[in-house]
Amino acid sequence: MASDSENSGDKTMAMPYCFPAAKSSHESVHGAKKSDVWRILVFGDGLAARFSYGEALADAFPPGFAEIWVCGLNGLEAADMAESMDCSTIEDHAGCLGRGLRRILRDSATFDLVMIMAGTHDLICGSPPAPTATTIASLHTACHCEGVWTVATSVLPNKNVNKCAIYRRRWDRVNELLMKRAGTDEGVLAYFDLQAHVPYPSQRNDINSQFWEDDGLCLSVLGMQHLARKLVPCLIPLRPQCMAPLPIPCSAKGGDMPQRLVARKRKSPDSDMSKRLRYLFYGDSL
């Protein structure tokens, strides 16, 4: 597997790919200090996998401002991403290789921010909104436990939003839950409603049709460039906050889980400690 420094936008290498900060016309090769460049990881499914999106996002920032890394796993559900967070190699449905989210954060140089874009394939495969939102939240928590701030995004629309009322209701609900969770999680700096920037066209001659591929599922190159230009002004004000230490989530303060809490000994001489019950509490942040 290639090192991160070698993955500078080379589609033949394992993800994450790196799209360096754009240089200004008067900047020398040794212009900006590496430490001054904002390092953003875009992690998720199909959109993050699009080669043009990482390039468009890097180009939309002011020269020398941000370095974009992308790891997009085509066809994978958020549940797959959560289950493989520690994997050193993941092959997606397009045959591309990537790594688990936590593995990237632990193996790579420090990231300042992670943008998580997931959930499309969960909805397409029929996953209910609540479990989907909870699973996406677990990806954010994994970043926070590594000391990295995150940005949440809505699930992108697609042709099913207009064609299927059931899908539309589940899509609306999962985005409602994602927005609600983002507002209560101190490690999530912002929530971006992607539908507001690249709405799915209501009819074929809609002006927004130019932002979508003919398959009705993927953004076109023009759509990715348009979305990048819309998101960058929302991202830039977040940089000062990213420089501040991230409070460690309560779930991470006690070390790796499961954590063992021993019952108090009973004073009764008749108690038989060998027969005590052992309970495992497993779930989300509660």
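Colleague: How many aromatic pairs does the structure hold?

Modeller: There are five aromatic pairs, and please keep in mind that this is a predicted model.

Colleague: Why is the pair of Trp38 and Phe61 called edge-to-face?

Modeller: Two values settle that. The ring centres are 6.2 Å apart, and pairing asks for centres within 6.5 Å. The planes stand at 85°, and over 60 degrees counts as edge-to-face, so the pair earns that name. The two rings also link distant parts of the chain: Trp38 is in strand β2 (residues 38-44), while Phe61 is in the loop between α2 (51-60) and β3 (66-72), 23 residues apart. Both Trp38 and Phe61 are buried.

Colleague: What makes the pair of Phe61 and Phe65 stacked?

Modeller: Here the planes are at 5°, and planes under 30 degrees apart count as stacked. With centres 5.7 Å apart and a limit of 6.5 Å, Phe61 and Phe65 are a pair, and a stacked one. Phe65 is buried, and so is Phe61. Together, ring pairs join Trp38, Phe61 and Phe65 into a cluster.

Colleague: Which residue lies over the face of Phe65?

Modeller: That is Arg239, at 4.8 Å from the ring centre. In a similar way, the charged end of Arg39 sits over the ring of Phe111, 4.9 Å from its centre.

Colleague: How do you know that Asp86 forms a salt bridge with Arg102?

Modeller: Their closest N and O atoms are 2.8 Å apart, and the limit is 4 Å, so the pair qualifies. Asp86 lies in the loop between α3 (78-83) and β4 (90-91), and Arg102 lies in helix α4 (residues 101-107), so the bridge ties together parts that are 16 residues apart in sequence. A search of the whole structure finds seven salt bridges.

Colleague: Is Asp86 buried or exposed, or in between?

Modeller: Asp86 has 38% relative accessibility. Partly exposed is the class between 20% and 50%, so Asp86 counts as partly exposed. Arg102, at 21%, is partly exposed too.

Colleague: Why does Arg99 count as buried?

Modeller: Its relative accessibility is 5%, and buried means under 20%, so Arg99 is buried. Arg99 forms a salt bridge with Asp107, with the closest N and O atoms 3.7 Å apart. Asp107 has a relative accessible area of 44% and is partly exposed. Arg99, Arg103 and Asp107 are linked in a network of salt bridges.

Colleague: What separates Arg173 and Glu176 along helix α8?

Modeller: They are three residues apart, about one turn of the helix. Their side chains meet in a salt bridge at 2.9 Å, N to O.

Colleague: How do you know that Arg170 has no salt bridge?

Modeller: The nearest side chain of opposite charge, Asp122, is 9.2 Å away. A salt bridge needs atoms within 4 Å, so that distance rules one out. Arg170 is buried all the same, and it lies in helix α8 (residues 165-184). Leaving aside its neighbours within four places in sequence, Arg170 is in contact with Leu123, Gly126, Ser127 and Pro129.

Colleague: What makes Val42 buried?

Modeller: Its relative accessible area is 0%, and anything under 20% is buried, so Val42 belongs in that class. Val42 has its place in strand β2. The C-alpha atoms of Val42 and Trp69 are separated by 6.1 Å, although these residues are 27 apart along the chain.

Note on methods
Residues are numbered from 1 along each chain as its sequence is written. This is a predicted model: local features need pLDDT of at least 70, side-chain atom pairs count only at pLDDT 80 or more; totals for chains, interfaces and linings use all residues. Side-chain values use heavy atoms; hydrogens and water are left out. Helices (H or I, at least four residues) and strands (E, at least two) are DSSP runs, numbered from the N terminus. Buried means under 20% relative accessible area, exposed over 50%, partly exposed in between (1.4 Å probe, protein chains only). Lys and Arg count as positive and Asp and Glu as negative; His and the chain ends are not counted. Contact means heavy atoms within 4.5 Å. Rings of Phe, Tyr and Trp (its six-membered ring) pair if their centres lie within 6.5 Å; planes under 30 degrees apart count as stacked, over 60 as edge-to-face and the rest as tilted. A charge sits over a ring if NZ of Lys or CZ of Arg is within 6 Å of the ring centre and within 35 degrees of the ring normal.
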